[in-house]
Protein chains: 2
Amino acid sequence: MADDDIFKQFKEHSVAEFFKKNRQMLGFSGKVRSLTIIVHEFMTNSLDACEEAGILPELFVQVEELDKEKEHYRLTVKDNGPGIPKTHLGKALGQMLAGTKFHRYLQQRGQQGIGAAACTMFSYLTTGQPTRAISCHKGKKVVADITIDFKANKPSVSVIEESDTVDNGLTVISEFKDVKYERSNHGVYEYLRRTALANPHCSITLIEPTNERVAIPRSVIENPPRPFEIKPHPLGIGTHDLLEFAKHNKESRRMSSFLQETFSRFSAGKVEELRAIVPSVDLNKNPQNLSWDEAEMIVKGFSQLRWIAPATDSLVPIGKGHVEVSFANIFNPEVLVVTERSPKVYRGGIPFMVEVGIAYGGGVAAAGKKGEVMRFANRVPLLFDSGGCAISETIKTMDWKRYDVKDFEEEPIAVLVNLISVHVPYTGAGKQAISQEEDVMDEIKFALMEASRGVQKYLSGKRKAHEIANKKKVVSRYIQQLSGDLSSLSGEKRADIEKALTKIIEEKYAREETEVEEAAESEPAVKEPETGGEEE
Amino acid sequence: MADDDIFKQFKEHSVAEFFKKNRQMLGFSGKVRSLTIIVHEFMTNSLDACEEAGILPELFVQVEELDKEKEHYRLTVKDNGPGIPKTHLGKALGQMLAGTKFHRYLQQRGQQGIGAAACTMFSYLTTGQPTRAISCHKGKKVVADITIDFKANKPSVSVIEESDTVDNGLTVISEFKDVKYERSNHGVYEYLRRTALANPHCSITLIEPTNERVAIPRSVIENPPRPFEIKPHPLGIGTHDLLEFAKHNKESRRMSSFLQETFSRFSAGKVEELRAIVPSVDLNKNPQNLSWDEAEMIVKGFSQLRWIAPATDSLVPIGKGHVEVSFANIFNPEVLVVTERSPKVYRGGIPFMVEVGIAYGGGVAAAGKKGEVMRFANRVPLLFDSGGCAISETIKTMDWKRYDVKDFEEEPIAVLVNLISVHVPYTGAGKQAISQEEDVMDEIKFALMEASRGVQKYLSGKRKAHEIANKKKVVSRYIQQLSGDLSSLSGEKRADIEKALTKIIEEKYAREETEVEEAAESEPAVKEPETGGEEE
């Protein structure tokens, strides 16, 4: 083709067309996986909606097989959340990159505004059917059929019914082909089981294609504390971000007040510190007039100041107690250690934290689990794409032998890692793996080390106690013989001698046991690099 | 927050905003990697443009370090391609999901229309500078500075200069921070070296920040044959695709002619076969009036007919001869086997083919390479995200011991796999790994098995030859003693006896060697499943 013609073929495409052609990037590859991804997208939206509205979530998932040969299924996901108003129903379920989540600095499960529309797309592509939404929101019930116009990335909505209601919640019913229900490690059942593990406040009911009813009741009867929406932290800001905030700022006439209003941890005192560091930038100027060079100097100045870490209450982990209960329920392991570390920042300023639970032996062994890794991000189970995920890769780099775990892959050990952040750096739009950011991997490693030391303490303690008990047993064998011989030699009563010898031995080994325990407890904490930030 | 407020926060976002916030999804994570990704995006565009215009590519890449402390670089990539007309310059470099590639059924390096705009974005985000483009296209030279308006995903172009020219080609000059030049396995240098390996018709010059000039001359003086743009294959079509084609069809008034004009391998005879299989669908009807059910029946009918495979000339591999020359140049291995398999289809109908080269011993050992995997897609080196890539995963599942490779990771072996397709199913927009589609993995496996058998033949031949030589040596040790003894016993001349014995042994082992060689050559071919498609 001559180059004249090439540019006649120049076209613009919508993000919906892009993902239609590259559905594997959304996680739609493989039949079992595709169905799990769909449930995952609806579940995360429902949980976010319930919690944001302060409602204790009750989720109902039904998978019906309509035609076995054609692998044709109907999926129903129903929540007791606040519902979606009619005005937003189409966009929420039939438009990509639209929603309430993408731009907020808030710990949420969804963060892209792609997932639900992707499911509507996949349903339509495989069955030609619209997605039926039944939304009960503030006294109004709307039933609508929704599809997506790929060329425009716009929803097409046909309202079936409108009425008053006393209920609330969203029900989504859609059909799919090219998917498969299976009770495998990557199936819907396992996904829900892990969701329950990380969300013990959530009640889940699953009805399988066989009509089997799986009920996972909540083990905690109140929602976790709401994470607060925060302002961006100064250390997480690039020059372009600062300029963009400055340009869109309406309230502040001066840089000094703009900075305090826009960013977290920015006090009047910090403005003065900044002024001293970047004297050539006029902090009284109007933010609208900020130049790239000035913004760059300010951002450099940010990095030279000491900042209070991001607010702790912006991040809400599953929690030590809940992880312990969940783990105990599932595995009833011989030893269980949970660590929860304080929030840190990555890429200079995006708050995140890591919690780790390690279960060893007992029920883990009984369940035949070896080197089991359970990855979560903002309490959402990550079942796919473990290769290349920051969590899996960090676990691989751990020197497990140092913690008396001889071969991670072969021992009865289960590791849970939950990464919590206002913006999880996923490797792809399918949100199944976490990008290998250095700060994130370091923190995962420290958390793993901390928890591993707890396991090691137990394992090595167990070994020492075993050794001591063995020695005691060996030594005790001589008591009878020795007491008899000493009695003959000395004329003392045999029973008295035996009692005295037993006491000596008991005391000696009781002392050794205490020493083992004390040594274990006084071991130094995990060493980690200085963060440089002052603590709150 | 009350649910009243949530929907006030409902917003729509552009794809540029999405990738601005999730730049790791485009491959921008890590400093060395980011710079390689940028060079990769520009190189692939340049190579595609040159080849499409029938120009033998000459590429010039310069990396200058402007400020060491700030990790501030300037990158220049210059090609001798057809250039881009002024009207399209902005969209080509400053708008995502726009371009000439996304919608074509053609083997190309780029296929998304994201990459170049992503580089413009990354440059602007890290330095605030526009990207300078100098385009010489059909006698006109345009110099323009380009940035991207993230909210709208639209380019902003400021033309600096326009003049007449006799040159052609595109030069892109842009600045970056947050990147790093390094001669590592993941750096620009290695990327270009591998690009040359898979594109021996391309001449590449690299000027490193140290001013060192690396010239990689072409080893082949003509472009590879142009892959033909093809029509979609009936087996690659879903119901929704068929409906979409039918709706956008302008020429055909009847389904029967529409099918023949829209799809490859669709003859009048095939229309009749289809008519027999789906009698309830009126193939004389206007495509505009096709219903979902009818489309579904037709697509099901497609899968029941036997089809000629996609046209072979739609896919152009590197080629056996070229891989051999390239490999020999780089490694000069002891043994080198290259296999190239015939085109297949995945997802029912997207044509692809696999070529594999395996080098063993010799220069591979000398270079200290062990279990080296070189992944390519449409001749483009894939340097990152090997975990989860269909190529790496397939190599892992190979039973290498069967091919006399005892431990893949520890032997001096280098494997090249190039996947060629009109649509490579990448796992993400960063285009660094291939999705694990079953059909694709099967085919990679068959190609690996074929090449491995060549290596095995050599290795086992070498071992047998070694064994035979050893036996011969041992047996030969007895000749002198035996000749002496026989001479004494028989009275025959010792020299004659020695000569006769030597001849017997020589003949015996010469025969064994021939048998080894013949056995190796007559081994059966790799067994593979029937494709079910009739051959052309």
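Which residue's backbone oxygen lies 2.8 Å from a polar atom of the side chain of Thr195(B)? The first close-up answers that. This is a predicted model, where local features need pLDDT of at least 70, side-chain atom pairs count only at pLDDT 80 or more, and totals for chains, interfaces and linings use all residues. Residues are numbered from 1 along each chain as its sequence is written, chains are lettered from A in the order in which they are written, and side-chain values use heavy atoms, without hydrogens and water.

**View 1. Thr195(B) sits in helix 6 (residues 188-198) of chain B.** Helices here are DSSP runs of H or I, at least four residues, numbered from the N terminus. The partner is Tyr191(B), whose backbone oxygen lies 2.8 Å from a polar side-chain atom of Thr195(B). Thr195(B) is buried (under 20% relative accessible area, 1.4 Å probe, protein chains only), at 2%. Leaving aside residues up to four places away in sequence, Thr195(B) touches Met43(B), Leu47(B), Ile204(B) and Pro381(B) (heavy atoms within 4.5 Å).

**View 2. Helix 8 (residues 255-262) of chain B has buried residues.** These are Met255(B), Ser256(B), Phe258(B), Leu259(B) and Thr262(B). They lie on the same side of the helix because they cover an arc of only 165° around its axis, taken from the directions from the helix axis to the C-beta atoms. Their cover includes helix 7 (239-248), helix 9 (268-277) and helix 10 (292-304) of chain B.

**View 3. Glu244(B) meets Lys20(A) in a salt bridge.** Their closest N and O atoms are 3.4 Å apart; the rule asks for a side-chain nitrogen of Lys or Arg within 4 Å of a carboxyl oxygen of Asp or Glu. Across the interface of chain B and chain A, the rule finds 10 salt bridges.

Key
Buried means under 20% relative accessible area, exposed over 50%, partly exposed in between (1.4 Å probe, protein chains only). Helices (H or I, at least four residues) and strands (E, at least two) are DSSP runs, numbered from the N terminus. A polar contact is a pair of N or O atoms within 3.5 Å; within protein, one must be able to donate a hydrogen and the other to accept it, and residues adjacent in sequence count only if both atoms are side-chain atoms.
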